[in-house]
Amino acid sequence: MTLMECCQVPVVSVPPETPVFDVAAIMAEQNVGSVVVVENKKPVGIVTDRDITVRVTAHGLDPKKIPARTVMTADLLVLAGTTGLYEALEAIRKKGVRRVPVVDEHGALTGIITVDDIIRLLAAEMEGIAAVIRAGTPVI
């Protein structure tokens, strides 16, 4: 299974100069915990609800005056939509991230996958395997 087959689409995204106040409003409206910061259709960063709390609110900064670019995490792990699920999981483990933008062959944002998404997918796969094993187990 490739990332494009299991990632979340569409992705909530904002331009880098979007004020953090607006980013928070978009997150609340869309019921998401993060937004991808996009420039020329390509992911350049990610802002999470924790980033807003720790980098803006905790310092008493005005979220209407701070752009997303200032608080985003720019050191992204970005994976191609053609990446396999297990390869993605290994990359996520090595990088130590929870959210990964998924891009097309031109580097344009096409989706996002989270560790939670992968855990749900793996759990469903394991349940399917368990069902096969149960079906083949003789009744005593």
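In this predicted model, the side chains of Arg69 and Glu39 come together in a salt bridge, with N and O 3.1 Å apart. Arg69 belongs to helix α4 (residues 68-71) and Glu39 to strand β2 (residues 34-39), so the pair ties together parts that are 30 residues apart in sequence. Neither end is fully tucked away: Arg69 is partly exposed, with a relative accessible area of 36%, and Glu39 is partly exposed too, at 34%. The pair also has company, since salt bridges that share partners join Glu17, Glu39 and Arg69 into one network.

The structure holds eight salt bridges, and a couple of others deserve a look. Arg98 forms one with Asp116, where the closest N and O atoms are 3.0 Å apart. Here Arg98 sits in the loop between α5 (85-95) and β5 (99-103), while Asp116 is in helix α6 (residues 115-136), so this bridge links parts that are 18 residues apart in sequence. Both partners count as partly exposed, Arg98 at 45% relative accessibility and Asp116 at 37%. Another salt bridge brings the side chains of Glu127 and Arg134 together at 2.8 Å, N to O. Glu127 is partly exposed as well, with a relative accessibility of 44%. As a rule, side chains of opposite charge can pair when their charged atoms come close.

Back at Glu39, the strand that carries this residue is part of a sheet. Three strands make up this open sheet, in the order β1-β2-β3, and their pairing is mixed. The edges are taken by β1 (13-14) and β3 (42-48), each with a single partner strand, so one side of each is left without a neighbour in the sheet. Strands β2 and β3 run antiparallel and are joined by six bridges. Within this part of the sheet, Glu39 turns up again, standing opposite Lys42 in β3.

Helix α2 (residues 20-30) lies across β1, β2 and β3, running at about 125 degrees to β2. Which residues of α2 are buried? They are Val20, Val23 and Met27. Seen down the helix axis, the buried residues of α2 fall within an arc of 55 degrees, so they line one face of the helix. The spacing fits a general point: an α-helix has 3.6 residues a turn, so residues three or four places apart point the same way. The buried residues of α2 pack against β1, β2, β3, α3 (49-55) and α4. On the other side of α2, Ala28 and Glu29 are exposed. Just after the helix comes Asn31, whose phi is positive, near 55 degrees.

Further along the chain, strand β5 is largely enclosed by the rest of the structure, because four of its five residues are buried. This strand pairs in the parallel sense with β4 (residues 79-80) over two bridges, and there Ala80 stands opposite Val103 of β5. With β6 (residues 109-114), β5 pairs in the antiparallel sense instead, over five bridges. In that pairing, Val102 stands opposite Gly111 in β6. The hairpin of β5 and β6 has five residues between the strands, and in this hairpin Gly107 takes a positive phi near 85 degrees.

Now for the whole protein. There are six helices and six strands, and read along the sequence they follow the pattern α-β-α-β-β-α-α-β-α-β-β-α. How does the radius of gyration compare with the globule rule for 140 residues? At 18 Å, the radius of gyration is well over the 14 Å that the rule gives, so the protein is more spread out than a compact globule. Along its principal axes, the C-alpha trace spans about 70 × 35 × 25 Å. Of the 140 residues, 36% count as buried. Among contacts between residues at least 6 apart in sequence, 56% join residues at least 24 apart.

Technical notes
Residues are numbered from 1 along each chain as its sequence is written. This is a predicted model: local features need pLDDT of at least 70, side-chain atom pairs count only at pLDDT 80 or more; totals for chains, interfaces and linings use all residues. Side-chain values use heavy atoms; hydrogens and water are left out. A salt bridge is a side-chain nitrogen of Lys or Arg within 4 Å of a carboxyl oxygen of Asp or Glu. Buried means under 20% relative accessible area, exposed over 50%, partly exposed in between (1.4 Å probe, protein chains only). Two strands pair if DSSP finds at least two bridges between them. Contact means heavy atoms within 4.5 Å. Axes are lines fitted to C-alpha atoms, for helices over the stretch in contact, and angles run from 0 to 180 degrees between N-to-C directions. The arc is that of the directions from the helix axis to the C-beta atoms. The radius of gyration is taken over C-alpha atoms; the globule rule is 2.2 Å times the number of residues to the power 0.38.
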